[in-house]
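The exercises below ask you to work through a protein structure one element at a time. Please attempt each task before reading its solution.

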Amino acid sequence: MGRDFKQVELPRLRQLALAGLLLAGGGLVGCSPLRLLKPGQRLLSDVSIKGTEKADPERLAALVQQQPNSTFPLPKVTIYQFGRSFYNPERIARKLADTQASYARQIKEAGTDSARVGKLLRRREQKERRYQLALDKGNAIMRLGEPPVVYDSSLTANSVQQLSIYLKSKGFFRSSVTVTDTVPTRRFTPLRLLALQAPYTTDSQRVTVTYHIHEGPAFHYSQLDDEVADSIVARRVRAARPQRLLQVGGQYDEEVIGAERARLEVLLKNQGYYDFRQQYITFEADTSFRPATVRLRTLVANPARGEHQRYTLRHVDFISDAGIVRFGRTRDTLVRDSVNYLAYRHRISPRALDRKLALRPNEPYSLITTQRTQRQLGSLDMFRFTTINYRRVRGPEAPADSTQGLLDVTINAAPAKKFQETTEFGGTYVAQQVGPFGNVRLKIRNVFGGAEILEFGVRAGFEGQYDITGTQSSDTQKKLRSELTTQLGANVNLVLPRFLVPWRVGPRLGEYNPRTRFNASYTYVDRPDYTRTNVEGTFDYIWQRSAFHQYVLTPIDLSIIRTASISDTFQTTLQNLLIRQGSPLFRSFDNLLIPSFNATSLYNSNDFNETRDARYLRLFAEVGGLSRGLFQKQPLLTDTRNLRQSDLKIYDFTKFTADYRRYYKLTSDSYLVYRLAGGAVAALSPTRLTTIARDGSQSTASSYLVPYDKYLFSGGSSSVRAWKPRRLGTGSFTQYRFDPENPAQLLRDEQDKLVRDYNLEQPGELLLEGNIEYRFPLYNFIKGAVFTDVGNVWSIRPDPRPGAQFQFNQFYRQFAVGSGFGFRFDLSFLIMRLDIATKVYDPTAPGNKWAIRNFSFREDQTAFNLGIGYPF
């Protein structure tokens, strides 16, 4: 029977497969977008630009007004045609008419019931909008794709004109642009073979457009001159020549000339010329002097009434409760540093507002000072909005002998709500467990009358986690044990809008938006294996160097970590890890006191939705435990029989991390992003520890110890995404599981092979990581991404685990590599993310390290990462 099956059934399967391929091929050939063209129309097949040598080809391509249909990541015209195959606009139009008639009848029946009528109108509008969208742009599948791009010769002519204008604006005055639109004579179409047709076709309905560019010589500046009608303005313009954007020898560029015009306007506005405008500035270019050269003259004209007038501030009024009306009452006025502070009730101290105010009477008008004042008032988070209005002093109000203009300034600040509450509920899916969580935050503004902000936060939740030691459940040898852990926390945060220091701070410091922050937090974690608490307090100084650059100096950072209880099995496992592998996981469940000071420099020129061509750089340095020798003598004692009564231990250490990101904006909605990250942590001196075991025995050892929470980790949704959080590494060391029945022994499977442990955290002393990601649009608010991540962690000091220590001649072979794709749901106010990453190269794998050869969706090979916001 088996022989008959092979002889009869397999040929039949081959015939069915061949028939299926023929049908699929015929269907694909039948799905040609040419079928959607009307008589006389042609499909735009390809667009190319040839002849560019010095001009920017990307800028030129962006000026072409017709591009062929996109084929990445999918042929969108095919998707459009597939959706059109079952698109029936007549039926949609009938549904729209029926909906309008049905709701008209219901509205008539509702009569004078305004609430019901309003609800019916909203529902009718939603349905009408949905049907109208389908009529205008097709069904949902059609909107995922693109309709065929029908060649339009008028748009080609417009593109030639735009390309020519652009080239001349960049100094190619003798350039020319021509175009050819040709019909391809023969095209190779391999899919026709599946339909038993010839692979070569003569297609007269497709057009290839080629733009031929002759640049000619690029013109450069041979001479730059200024001609300013106002002598005082002329002196100011010439004094700022070192900052001029135009240089002799530079290439003529109208974009740079526009930037120079804007620079001159801002220059004069910052020096008191309130009503100066770019319209007064013109440029004359003379190309007749020498070949391929330009003499450029900058002309600054006077206004029609005479010379430009410089303005000085006369009065500065600050209304701190704008938008509030009290009939029959006038605002009270307090004067501080010649500024009038007006309010019905001065809830915010004028002294606090005065620190953020850079405008003063008798000082010249300045645009940059105005912008700085508005930015600093906005950073207080005390007002819903702030406007700064200027009024010229004219007529009888102006002094008769004044040679300068006068301005009165009014700052209107609308106060924000004193109390602001935020509640967040959600859930996580980790380790095959659904865990709900909730956060409640309360913000109180102007707590003590000095524009302070006090925040309280409470959080509670459950989160699934695998057994931290990687042990298995007792009922099976393949299923990892997972359980819900309880996490409770609270924090309080007080921010003062100034530096709290024992000496007087100069007024210029206000330009950097200084703040002082007090923060205290408490975290409680309850798991079947242990119960742990963490109390932390920080004292921070925060200031801004620019709108993109922030510094944080933390002279006091104090943490107290206590382990209230720990199970016997877990304790035994941790001791085995310490004895057999030197793992620091054991020390994380000791009672620790971590005093440190640290500093952070953060530069980020991007926005929340990451839509800019930008850079990001975060540098962090920390030193801790330097004072332990003053009040703690060694050896330190750990009594595992009663961890609650164990003394607090201090380890001295130093830590440094760096994180650099670069965002390249390729098109209006596609980006190439890469990230480089690294760090190192090390103990400054050895620590002698005496440990009392459960049986009462004592042992003393000396080693270089770092608090567990200060170690470096790799893996997770913002790191190397194919690995679970904090589970990558260390180096090329392979971690195996311990036998849950006998924690002193490693676990073996049915074939007597050691079982790998993918769930034990892998702390390291050295971190190196890199990521590259291409982000592109898919449909509406749905974005896509493809990415590759590399990285690992190593130990710096000698390590008993083979392959765990960093070696210059080995580390480049120990980089883990993971790749995948992801989806981003951009809701403007919130970005939800799903990344699917698989291991490509696993340096910790025994034997063959190319994990991609064993591709599967098992959790030890492929990871699914859910998150909020972009990974980096």
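**Exercise 1.** Determine which residues R263 touches, leaving out residues up to four places away in sequence.

*Solution.* Taking contact to mean heavy atoms within 4.5 Å, and not counting residues up to four places away in sequence, one finds that R263 touches A240, Q243, R244 and L245. R263 itself lies in helix α10 (residues 254–269), where helices (H or I, at least four residues) and strands (E, at least two) are DSSP runs, numbered from the N terminus. The last step is its accessibility: R263 counts as buried because its relative accessibility is 17%, given that buried means under 20% relative accessible area, exposed over 50%, and partly exposed in between (1.4 Å probe, protein chains only).

A note on the basis of these values: the model is predicted, so that local features need pLDDT of at least 70 and side-chain atom pairs count only at pLDDT 80 or more, while totals for chains, interfaces and linings use all residues. Residues are numbered from 1 along each chain as its sequence is written, and side-chain values use heavy atoms, with hydrogens and water left out.

**Exercise 2.** Describe the span of helix α12 (residues 367–379), and establish where its buried residues lie around the axis.

*Solution.* Begin with the span: the 13 residues of α12 reach 19 Å from the first C-alpha to the last, close to the 18 Å expected at 1.5 Å a residue, the expected span being 1.5 Å times one less than the number of residues. Next, list the buried residues of α12, which are T369, T370, R372, T373, Q376 and L377. These lie on the same side of α12, because they cover an arc of only 165 degrees around the axis, the arc being that of the directions from the helix axis to the C-beta atoms. As a general point, an α-helix has 3.6 residues a turn, so residues three or four places apart point the same way. The buried residues of α12 pack against β9 (311–319), α11 (350–356), β12 (383–392) and β13 (405–415). Finally, α12 is followed by D381, whose phi is positive, near 60 degrees.

**Exercise 3.** Work out how strand β31 (residues 831–841) is covered, and with which strands β31 pairs.

*Solution.* Of the 11 residues in β31, 9 are buried, and the strand is thus mostly covered. With pairing taken to require at least two bridges found by DSSP between two strands, β31 pairs with β30 (residues 816–826) in the antiparallel sense over 10 bridges, and V817 has Y841 in β31 as its bridge partner. The hairpin of β30 and β31 has 4 residues between the strands, and S828 there takes a positive phi near 70 degrees. Strand β32 (residues 862–868) also runs antiparallel to β31, joined by 7 bridges, with R833 opposite G867 in β32.

**Exercise 4.** For the salt bridges R297–E227 and R675–D659, decide whether the partners are buried or partly exposed.

*Solution.* A salt bridge is a side-chain nitrogen of Lys or Arg within 4 Å of a carboxyl oxygen of Asp or Glu, and by this rule the count comes to 41. R297 and E227 meet at 2.8 Å, N to O, and they link strand β8 (residues 293–300) with strand β6 (residues 220–228), the two residues being 70 residues apart. R297 is partly exposed at 31%, and E227 is partly exposed at 42%. In R675–D659 the closest N and O atoms are 3.4 Å apart; R675 is buried at 8%, and D659 is buried at 12%.
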